[in-house]
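Colleague: Could you take me through one part of this model closely? I'd like chain A, with its domains and the sheets inside them.

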Amino acid sequence: MKNKTLKKIIGVALSMALSVCALAGCGQAAATGDTGAAAADSGQAEASDDSGAADTGSEAASSGDVVEFTFFGGMPGTEINNGNNEIQDMIAEKTGVRLKETWLTGQTVAEAIGSIIASGTYPDLIDGGDGCVDLYNEGVLVPWDDYLASGKYPNLTNYYTEKEWDQFRQDDGKIYWCNVFQNTKGEPTGTAHNDEAFWIQARVLEWDNYPKIETLDEYFDLLERYAAANPTVKDANGNDIDVIPYTCLCDDWRYFCIENAPQFLDGYPNDGSVIVDFDGKDPTIVDYNTTPTAKKYFQKLNEEYKKGIVDKDFGTQKYDDYIQKLSNGNVLAMCDQYWDFQQVKDSLRNTGLEDQGCNYVPLGLTIEKGMENRWHTYGDTLNIASGIAVTTSCSDPDLAFSFLNAMLDQDIHNLRFWGVEGVDYLVDENGLFYRTPEIRANISDPKYRADHLCFYSYLPQYGGTSDDGKNANLPDEQPSEFFDQLAEPMQKCFTAYGAKNYPDLIGSVKEDVNATHPWFPMWSFSNNLDTSTPGGVAWTKMGETKHEWLPKVVMSSNFDSEWDNYMKAYSECKPEDFLAEMQEELDRRVAANK
Amino acid sequence: MGICMTAILGKGMIMGSKKSKRNKTAITAKELARQKFMLIWSAIFVIYGFVFYYLPLGGWIMAFQNYKNKTGFLHSKWVGLDKFKFLFSDVTFLRVIRNTFCMGTMNLIFTTLMAIFFAIVLNEVRLVRTKKVIQTVSYLPHFLSWIIVTGILNDALSSTGIVNELLKKAGIIKDTIPFFSIPALFWPIVTFVHLWKETGWNTIIYLSAITSIDPNLYEAASIDGAGRWQKIKHITLPCLKPTIIVLLIMNMGNLLNAGFEVQYLLGNGLVKSVADTIDIYVLTWGISQNDYSLGTAAGIFKSVVSIAIILIANTIAKRTTEERLF
């Protein structure tokens, strides 16, 4: 009897196992077939392209001549309809290259880069984010030096000064990647604040007649009063939803949203991992995790959490949840970097919530009244820690570099960021680019973006003004366009505060950071620390500890004892090892600038 | 898949050993020809097992090297037992072992008990159609992937989720409970979600074992005046015992496979210290930190402990009862 049952079970299990095996077999075979075909394809394309590469390229014409390169970005992004995108095709016609972009999804960047390394198959181009150094250590990146020196790619060679390029050199003395952000051409237009701030919805400020909010206490006081008067708000469909006065992201590496505010509250710029104190003495590293301001800040969050002002789910929400919440319009305020939630602006526009004043206004808060703040950094910040790189898997590095070089041609740059003239922007009698409300609605429509726009957002690009000396390289930075494109509640807010742009709202000290803080930013060093040095080990452990403890401290019922526990756990990570290495690097940078 | 295969191989072993005891046939050409079909089938499994279970063991060399992709097996530096020394001096690793072991044990105990309980209860349902419907509904969650299950759970247990709403409406709590921020709740949540997903599926084997119990036994018991409860206690359970023990021993080998997806997807900074399992540790060190050697060392530790657990469980079963795996 029992045997019969077993036989039955085995029978079923066997057939299942076999069918799974068979399926797996099929899948693999199909996949290899595919790549084979693709490889053959690109081989062909290259062959024909070589002959045609000599002429201007605009005649390269039919899509058969276009080489498709792959790109992986170690950050989340939105895929466009590759091969079916109008501007991507135009760029492909001019350059002979179409770039298929894929982005980070559902993993940390370290895991993604780790898996790419483990698999041994690399995309042609890659921006490995924090994993750039790992890729370099694997020896899979193509050094740029010969290409830069060849003179064939003048746009790239002139993208940075020689001194700046030198900073990208790795320990073998070569350049392997280049960061594509914060590079100003012509005059800085300075409309954007791409950095961190305490943000607040425009309607909250309007509700209180645009008060002057300077400190953390005033900020939360306003939030409390607003939430008490408006316990629910309308979502895009007109339904009542509960307000979340303040939320705070703690997900993975994005937990900077909770952890680094103390440096700003004390009036320091974003050195990221430490404060550099140089008031009347040699620049010294200070740990912002243990300052009295840090304690005050977390105590404030703790109080507000107990009052129900801070989102109950803040400690466990994932990035996607967070963006969803902001897009719903019921989160009144948060602390974040602008680039971390900029996509929210488009969804607020699509759903019409922007007309209710759901867009966020940055505030430059400090811990006490009347202090200087440096939330906004004037001047470009050179991030040498990561950037775009060409891998050794790339079949034609020459073409890859000429493609990167072409990205900086003004006409292609305009195509990428402004779009097609007459369709995505119009030109007035003074030669200034502008957009109509219809065009703006198009631009923020996800489908239109996927089918028509192609930013290639992690390839070389400029801020500032374009070759014509009038227009901004990036539409968001066009001063005339900037104010017009704002939703009405935002315009009212800007007018009320007498601000022409975002930095005006924050009111940071106006100084060129590269002149006053020649070591800035220190995070470009700490981002690349790994566990091979004691400082790196301490840095990793500090991160893990803060990750676990900061939400705990904010949610604790007894702040003081929980804070002491946290401080004990923190000091066990030996932060002094980390700080010593940071001081060493700081001294090196200071000496290099003398 | 892996679990499935071990299950088959395990079963094969039981049957094989019984067969060889019964008839000792000499190996002749004729006999080989007669068993041609069986031999080909077994050969396929031997090859499969060799390629997918034994060949990868070559990679264990990494644990004794400071393995780097660039230098490969041949040129990476040999470091002896350094990686293991690091492992056992690392507080995180010890914590990870504890988490894996505790969650594995909780899952094993509760899923087994629940499956047996559910199989017996289901067997007592007399309406065939109702029974079929319940059974189908109960094993459907097995086919959902973990990402979906954790998504549902996340929604249900969030501060605005159905659980908190219900508890609030029922007046049991005043303030919402942040389920995923309380370390003490993490293990029970993981066990619960395993129960929800797998109970129906695990029941199938027990149910078929119950169906194959000789109906004469029940009839005889009824004539002797046994009620339902007595029949369950004196017939169903004893007849299920062999199946239970074999499955239990096999599942004990999977004790340290307490899971990866659930903990990975449900975990967050706040509960990290109780949520991370050995598999997650291997992922963080092996893939994210590029230290394949350390990841491999942790993997070896896991395999060795798993084998030891199976051997011990089997020996205990051998000593105390008739049933055993090998």
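Modeller: Here is a walk through chain A, starting with its domains and moving on to the sheets, a helix and a few loops.

Keep in mind that this is a predicted model. The domain assignment splits chain A into two, and both parts are made of two stretches of sequence: domain 1 covers 61–186 + 383–451, while domain 2 covers 196–375 + 486–592. Taken over C-alpha atoms, the centres of domain 1 and domain 2 of chain A are 30 Å apart. As for where they touch, eight residues of domain 1 of chain A are in contact with eight residues of domain 2 of chain A. On the domain 1 side, that set is made up of three nonpolar, three polar and two charged residues.

Now for the sheets. One of them in chain A is an open sheet with four strands, ordered S2-S1-S3-S13, and its pairing is mixed. Its edges are S2 (97–103) and S13 (388–390) of chain A, each of which pairs on one side only. Ignoring direction, neighbouring strands here are turned against each other by 25 degrees on average. Let's zoom in on the S13 edge. S13(A) runs antiparallel to S3 (residues 125–127) of chain A, and three bridges join the two. Within that pair, Ile126(A) sits opposite Ala389(A) of S13(A). Helix H16 (residues 397–406) of chain A then lies across the sheet, over S1 (67–73), S2, S3 and S13 of chain A, and its direction makes an angle of about 155 degrees with S13(A).

There's another open sheet of four strands in chain A, with the order S8-S11-S5-S12 and, again, mixed pairing. This time the edge strands are S8 and S12 (360–363) of chain A, each pairing on one side only. From one strand to the next, the twist averages 25 degrees. In the middle of that order you'll find S11 and S5. Strand S5 (residues 196–201) and strand S11 (residues 331–337) of chain A run antiparallel and are joined by five bridges. There, Ile200(A) faces Ala333(A) of S11(A).

Follow S8 (244–247) of chain A out of that sheet and you get to a loop that leads to helix H10 (256–259) of chain A; Asp252(A) is in that loop. Have a look at its backbone: phi of Asp252(A) is near 50 degrees, which is positive, and this isn't a glycine.

Further along the chain, another loop has a backbone detail to check. Pro521(A) lies in the loop between helix H23 (513–516) and helix H24 (523–526) of chain A. The peptide bond that joins Phe520(A) to Pro521(A) is cis, with omega about -10 degrees.

Last stop: helix H25 (residues 534–555) of chain A. With 22 residues, H25 spans 31 Å from first C-alpha to last, close to the 32 Å expected at 1.5 Å a residue. Even so, H25(A) has a kink of about 25 degrees, and that kink is centred on Lys546(A).

Definitions and conventions: Residues numbered from 1 in each chain as written. Chains lettered and ligands numbered in written order. Predicted model: local features only at pLDDT ≥ 70, side-chain atom pairs only at ≥ 80, totals over all residues. Domains from an automatic or database assignment. Contact = placed C-beta atoms within 7 Å. Nonpolar A, V, L, I, M, F, W, Y, C, P; charged D, E, K, R; others polar. Expected span 1.5 Å × (residues − 1). Bend = angle between axes of the 7 residues up to and from the residue. Pairing = 2+ DSSP bridges. Axes fitted to C-alpha atoms, helices over the stretch in contact; angles between N-to-C directions.
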